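Trainee: I've got a fold on screen and would like to talk it through with you. Can we start broad and then get down to the side chains?

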Amino acid sequence: MTFAANAYALARGPATTSVGAGAVLDTDVDAVLGAADAVRQAVRRSPNDLAHALDADALDAARAALARAREALTTATGLSAVAGDWIVAHQDRVRGAWSDGMALVGVLESAAGRHAEAVAALQRVLEVEPLREGAHRALMQAHVAAGEPARALAHYDALAALLAREVGARPARETQALAERVRRGG
């Protein structure tokens, strides 16, 4: 840690202080941002083969890193009253990275046939961001892939009610089309 111009700065590289040479600062924020980036890059590298975009160990590591996010990172807190407005943009960036990363983990879990894990990841995203329609679609697809089309349709109905109540809108065409395919058994 250094102090200059009336501000502290953390050096995220190897430490050379009394902590010991080679020590590395390990923060929840860095873990979340790193895991979200790793998952995003894996999907970018293998968009047509999501089942093999990450091996099971890498997927578990990404999920564990994202799980390190504390409530302060994934829900609104009163921290800005203490720290100032600068923290709001930072929280939004970390929250967005967490949501994107966790949603992609859910998609990759489903593609790899790990449906229970996919459902859990996507439900966690929706607890934090209930209006994130892409995560709702991914959850519906995970239910279908798990052989539970009735759960997918029940989820669609709940989403439609949520959107009507909260924003006065219907699900996106893509979501409606997914629900129709599920109804037809496709």
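**Surface, fold and salt bridges**

Mentor: Sure. The accessible surface of this protein comes to about 10500 Å², and carbon and sulfur atoms account for 55% of that. Keep in mind that we're looking at a predicted model.

Trainee: What share of the residues counts as buried?

Mentor: Buried here means under 20% relative accessible area. The protein has 186 residues, and the share that falls in the buried class is 35%.

Trainee: And which pattern do the strands and helices follow along the sequence?

Mentor: The tally is two strands and nine helices. Reading along the sequence, the pattern is β-β-α-α-α-α-α-α-α-α-α.

Trainee: Among contacts between residues at least 6 apart in sequence, what share joins residues at least 24 apart?

Mentor: Contact here means heavy atoms within 4.5 Å. With pairs at least 6 apart as the pool, the share joining residues at least 24 apart is 56%.

Trainee: On to packing. How are α5 and α6 oriented to each other, parallel or antiparallel?

Mentor: Their axes come within 7 Å and cross at roughly 155°. Angles over 145 degrees go into the antiparallel class. The crossing is left-handed, and the contact involves residues including Trp98, Met102 and Glu109 of α5 and His115, Leu122 and Arg124 of α6. So the two helices are roughly antiparallel.

Trainee: Which residues of α7 does α6 meet?

Mentor: The axes of α6 and α7 (residues 133–145) come within 9 Å and cross at roughly 160°, so this pair is roughly antiparallel. The crossing is left-handed. From α6, the residues involved include His115, Ala118, Leu122 and Leu126. On the α7 side they meet Ala135, His136, Ala138, Leu139, Ala142, His143 and Ala145.

Trainee: Now charges. How many salt bridges are there in the whole structure?

Mentor: Side chains of opposite charge can pair when their charged atoms come close. The cut-off is a Lys or Arg side-chain nitrogen within 4 Å of a carboxyl oxygen of Asp or Glu. Searching the whole structure gives 15.

Trainee: How many residues apart in sequence are the parts that Asp60 and Arg114 tie together?

Mentor: Asp60 and Arg114 form a salt bridge whose closest N and O atoms are 2.4 Å apart. Asp60 sits in α2 (residues 56–67), while Arg114 is in the loop between α5 (86–111) and α6 (115–128), so the parts they tie together are 54 residues apart.

Trainee: Of those two partners, which one is buried?

Mentor: Asp60 has a relative accessible area of 35%, which makes it partly exposed. Its partner has 18%, and the buried class runs to anything under 20%. The buried one is Arg114.

Trainee: Is Glu127, the partner of Arg124, buried or exposed?

Mentor: In this salt bridge the closest N and O atoms are 3.1 Å apart. The two residues are three apart in α6, so about one helical turn separates them. Arg124 is partly exposed at 23%. Glu127 has 58% relative accessibility, which makes it exposed.

Trainee: Last one: which residues are joined into one network by shared salt-bridge partners?

Mentor: Let's first look at Glu180 and Arg183, whose closest N and O atoms are 3.9 Å apart. They're three residues apart in α9 (residues 173–183), so the separation is about one helical turn. Glu180 is partly exposed at 35%, and Arg183 is partly exposed at 45%. As for the network, the residues joined by shared partners are Asp60, Arg63, Glu109 and Arg114.

Terms used
Residues numbered from 1 in each chain as written. Predicted model: local features only at pLDDT ≥ 70, side-chain atom pairs only at ≥ 80, totals over all residues. Heavy atoms only, no water. Helix = DSSP H or I, 4+ residues; strand = E, 2+ residues; numbered from the N terminus. Buried < 20%, exposed > 50% of the residue type's maximum accessible area, 1.4 Å probe, protein only. Areas by Shrake-Rupley, 256 points an atom, 1.4 Å probe, with all protein chains shown as cover. Axes fitted to C-alpha atoms, helices over the stretch in contact; angles between N-to-C directions. Parallel < 35°, antiparallel > 145°, perpendicular 65-115°, else oblique. Left-handed = near helix turned anticlockwise from the far one by under 90°.
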